[in-house]
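User: I'd like to learn how to read a structure like this one feature by feature. Can you take me through it, general idea before the particular case?

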Amino acid sequence: MANEGSDLSTFDEVQGIASDIFGVAVAKLTADSSPDTVDTWDSVQHLNLVLALEERFGLQLSPEEIDQMKTLGTTAALIQTKLQTSPR
Amino acid sequence: MAIVIQPYRPEHESAVQDFNRRLQKSSGDPNLVFSQSAVPRWLPPVGNSPVWNEFYVAVDASPGEKPSVRGTYALTQQMIFIRGKGLERIACYHHPLSEGIVDRKYASVGVLLARDALARQPLLYALGMGGADTPIAKMLKALGFTLSAIPFYFRVMHPAKFLREMHALRKARGRRMLMDIAAATGLGWIAIRSAQAAASVRAGRPNAGPDFAVDEIATFSDWADELWTQAKETVSFAAVRDANTLRILYPEHTATTRRLRVSHEGAAIGWTVVGIRRKDAKFGEMRVGSVVDCWASPKNMLSVVRAAVRALEKDGVDLIVSNQNHQAWRGAFEQAGFLKGPSTFVFAASRKLSEMLQPLETNQPLFHITRADGDGLPANF
């Protein structure tokens, strides 16, 4: 399952944000998409992804959490967990 | 993988050497290298020094594996004078290196480094960076830094050699031919000298100006404190340049730069530090002099620039370069016949620092920033 471990709507939102930032069609981004598979996912765009997610979901990602953002799937799962555990 | 950023200690040195080897092997860029020593050779943190370097490493400590360094950065901690606020401890962020440059698996390391630096010192700036379009500059902009280019000035001393050796301008075949013709016929000499004279006239060239004397000095003493005090209110932002700090920045044994005291009727009116830049492919075989640093009240700036030019001329340089931000210094360089060129020397101020420097519209032209700021000295010499 492409978005295993994360809520579908959260994954969709992360996927949409990533699509805008990386300039890649949504359809081409899966839960397995990573810096190794997306040409435009470099360190600058990684930062832009972090900042966009923080703004969209109103949360702050710690260094450990940023380090966990290896794929879009793990990123969506991370956001989902934070949304469930953090007071908003 | 679990990346932890921590101060660089001697036990990390072998992992930093491995990191350097991986970066250089994959990128082919010999400049991608971090200090092999955990103790900074340039501005080590000793005693109660007012300016020092701190090194940090991003250690990848995956369970069961030998810890590896995946990123590095340095902070130069220094006292900065901000008009209306006094002295503030501010840090310069430099030498950020991430394994993400050569291995996308580590794309997050650059973000972690920059955020770690900001967490340690919210009043942060970066300088240089090779332009506003480089990854590091883009990253800092995304983090809310305010970017501005520090103007670049040059004065051609030997036009024919400049035309033959200025590789950065000779990339296109047609232009290369024109430059060769200009060098051979003497037309280039006329054109460059005319352009420099015109720049001087446009800047409102004054008369000869006051007589001044120039003395090469071994070290800075009390007179430099007086100059610092006299002129600091004419800038809105400047790294402290009192005698104590200058002695640390430009120690007696430094062979790469010369320290010049400029005086009028025996009294110091300013100082400058000049040097010969290391070989750089874009300058070909030219001997390039640099006005690295300078300090004076506005009325004496032109004398200081002329003193620097005179000293470098005696050294036989073909070209003199300088980066200057303060509007009065820019005017003095133009009056001395310097031309303005495209700058890749960028100043980036963190959000907190930018807030402190408001209103930027009026304060930014009064920032005293030169090639000596940031990590400029070891990087260029």
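User: How much area do chain B and chain A bury between them?

Analyst: The size of an interface is often given as the accessible area lost when the parts come together. Keep in mind that we're reading a predicted model. Here chain A and chain B bury about 1500 Å² between them, with 63% of that on carbon and sulfur atoms. In residue terms, 16 residues of chain B are in contact with 21 residues of chain A.

User: How many salt bridges are there between chain B and chain A, and which side chains meet?

Analyst: The count across this interface is one salt bridge. A:Glu54 and B:Arg115 are the partners, with their side chains meeting at 2.6 Å, N to O. For polar contacts, the rule finds seven residue pairs across the interface of the two chains, both residues being at pLDDT 80 or more.

User: Which helices of chain B supply residues to the side that touches chain A?

Analyst: Helix H2 (108-120) and helix H3 (135-142) of chain B each supply at least two residues of that side. By residue type, the side of chain B that touches chain A divides into 10 nonpolar, five charged and one polar.

User: Let's go inside a chain. Where do B:Arg21 and B:Asp18 lie?

Analyst: First the general idea: an α-helix has 3.6 residues a turn, so residues three or four places apart point the same way. Now the case: B:Arg21 and B:Asp18 both lie in helix H1 (residues 13-27) of chain B, three residues apart, about one turn of the helix. Their side chains meet in a salt bridge at 2.7 Å, N to O. B:Arg21 has 48% relative accessibility, so it counts as partly exposed. B:Asp18, at 24%, also counts as partly exposed.

User: And which residue forms a salt bridge with B:Glu99?

Analyst: That's B:Arg22, with the closest N and O atoms 2.6 Å apart. This pair links distant parts of the chain, 77 residues apart: B:Glu99 sits in the loop between strand E4 (86-98) and H2 of chain B, while B:Arg22 is in helix H1 of chain B. B:Glu99 is buried, because its relative accessible area is 4%, under the 20% cut-off. B:Arg22 comes out at 25% relative accessibility, so it counts as partly exposed. The pair also belongs to a network: salt bridges that share partners join B:Arg22, B:Asp60, B:Arg70 and B:Glu99.

User: What's the count of salt bridges over all chains?

Analyst: By this rule it comes to 19. One of the pairs in chain A is A:Lys70 with A:Asp67, whose side chains meet at 3.5 Å, N to O. A:Asp67 counts as buried because its relative accessibility is 4%, whereas A:Lys70 is partly exposed at 28%.

User: How many helices and strands are there in chain A?

Analyst: Four helices and zero strands, so to read the chain from the N terminus on, just say α-α-α-α. Of its 88 residues, 50% count as buried. For a feel of how the chain folds back on itself in sequence terms, take the contacts with a separation of 6 or more: residues 24 or more positions apart account for 55% of them.

User: Why do the 14 residues of helix H4 (residues 72-85) of chain A agree with the span they should have?

Analyst: At 1.5 Å a residue, H4 of chain A should span 20 Å, and its end C-alpha atoms are 20 Å apart, which agrees. Several of its residues are buried, including A:Leu72, A:Ala76, A:Leu78 and A:Ile79. The buried list isn't purely hydrocarbon, though: A:Gln80 and A:Lys82 are on it too.

User: One more loop residue, please. Is B:His12 buried or exposed?

Analyst: B:His12 is at 9% relative accessibility, so it counts as buried. You'll find it in the loop between strand E1 (3-7) and H1 of chain B. Not counting residues up to four places away in sequence, B:His12 touches B:Gln6, B:Pro7, B:Val57 and B:Val59.

How values were computed
Residues numbered from 1 in each chain as written. Chains lettered and ligands numbered in written order. Predicted model: local features only at pLDDT ≥ 70, side-chain atom pairs only at ≥ 80, totals over all residues. Heavy atoms only, no water. Expected span 1.5 Å × (residues − 1). Buried < 20%, exposed > 50% of the residue type's maximum accessible area, 1.4 Å probe, protein only. Contact = heavy atoms within 4.5 Å. Buried area = accessible area lost by both parts, 1.4 Å probe. Salt bridge = Lys/Arg side-chain N within 4 Å of Asp/Glu carboxyl O. Polar contact = N/O pair within 3.5 Å; in protein donor to acceptor, adjacent residues only side chain to side chain. Nonpolar A, V, L, I, M, F, W, Y, C, P; charged D, E, K, R; others polar.
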